[in-house]
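Please open the model in a viewer and keep the sequence panel visible. The tour below proceeds by selection, one stop after another.

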Amino acid sequence: MINDIHRLDAEVRLRPPTPADAASLAVSLTRSRAYMQPWEPVRPDAFFTEQGQRERLAGLLADRDAGRVMPWVLADEQDRVVGAFNLNGMVLGPFRSAVLGYWVDVAYAGRGLATAAVERICALARDELRLHRVEAGTVPDNVASQRVLAKCGFEQYGMAPRYLHINGEWRDHRLFQRILHDGALPG
């Protein structure tokens, strides 16, 4: 189920975020700041504080309650956040699509957690949210993220010039999608 806790390995779970995650999000994001810089927008220093994450979480949870986004976090054995995944811009009706975004703490990178989480999220998107497709974009040199998407059945379908403002400049993005099913629309 969407709000269940999903074990990804012996130490890490995928679960919905709560306001109590603000402090550990700030720690994880601060630890991973330099590692993620090439693939992230420039963020103000306040973003990396507990208060900044408390405010961001409040907006994220309000968007979730409005049906615009579905967020999850990766949590370790001590329930500290070590990554985050979102289905953003959810559109239902005949489109039934969302955009996937994610990051994993530098201390947990390379363990297959992103692949396991993306697989689980695509299954939830198909079975619980009844989405038809999930899309994602990466800057061309984010090979690790492209490997995750390929392992999870995403196919590149295009290139978007100057798509997002990343690390201080407008960056091209490779666009990927995964068709989740071609069945009838839910009634």
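A residue is called buried when its relative accessible area is under 20%, exposed when that value is over 50%, and partly exposed in between. The model on display is a predicted one.

**The whole chain**

Begin with the protein chain in cartoon representation, where 4 helices and 8 strands can be found. Followed from the N terminus, their order is β-β-α-α-β-β-β-α-β-α-β-β. The C-alpha atoms occupy a box of roughly 45 × 35 × 30 Å along the principal axes. The radius of gyration of the protein chain is 16 Å, which agrees with the value near 16 Å for a compact globule of 187 residues.

Next, display the surface. About 9,400 Å² of the protein chain is exposed, and carbon and sulfur atoms supply 53% of that area. Of the 187 residues, 45% are buried. If contacts are drawn for pairs with a separation of 6 or more, 61% of them join residues 24 or more positions apart. Colouring by charge shows 23 positive and 23 negative side chains, with the centres of the two sets 2 Å apart.

**The cysteine pair**

Select C152 first. C152 counts as buried because its relative accessibility is 2%. Then add C122, which is also a buried residue, with a relative accessible area of 1%. Why is there no bond between the sulfur of C122 and the closest cysteine sulfur, in C152? A disulfide requires two cysteine sulfur atoms within 2.5 Å. The sulfur of C122 lies 6.4 Å from that of C152, so the two are too far apart for a bond. Seen from the other side, C152 is in no disulfide, and its nearest cysteine sulfur is that of C122. The count of disulfides by this rule is 0.

**Strand 8: F176 and R171**

Move to strand 8, residues 169–179, and select F176. Is F176 buried or exposed? With a relative accessibility of 6%, F176 counts as buried. Showing its surroundings, and leaving aside residues up to four places away in sequence, brings up contacts that include V134, E135, A136, L149, F154 and Y157. One of these partners, V134, is worth a distance label: F176 and V134 are 42 residues apart in sequence, yet their C-alpha atoms are 8.5 Å apart in space.

Remain in strand 8 and select R171. R171 is buried, with a relative accessible area of 19%. Beyond residues up to four places away in sequence, R171 touches, among others, P38, V139, P140, D141, A160 and R162.

**Two positive phi angles**

From R171, step across to its contact R162, a residue of strand 7 (residues 155–166). R162 has a positive phi of about 45° although it is not a glycine. R162 is exposed, with a relative accessible area of 59%, whereas R171 is buried.

The last selection is D79, in the loop between strand 3 (70–75) and strand 4 (81–91). Phi of D79 is near 65°, again a positive value in a residue other than glycine. How exposed is D79? Its relative accessibility is 36%, so D79 counts as partly exposed.

Conventions
Residues are numbered from 1 along each chain as its sequence is written. This is a predicted model: local features need pLDDT of at least 70, side-chain atom pairs count only at pLDDT 80 or more; totals for chains, interfaces and linings use all residues. Side-chain values use heavy atoms; hydrogens and water are left out. Buried means under 20% relative accessible area, exposed over 50%, partly exposed in between (1.4 Å probe, protein chains only). The radius of gyration is taken over C-alpha atoms; the globule rule is 2.2 Å times the number of residues to the power 0.38. Contact means heavy atoms within 4.5 Å. Accessible areas come from the Shrake-Rupley method with a 1.4 Å probe; for residues, only the protein chains shown count as cover. Lys and Arg count as positive and Asp and Glu as negative; His and the chain ends are not counted. The place of a charge is taken as NZ of Lys, CZ of Arg, CG of Asp or CD of Glu.
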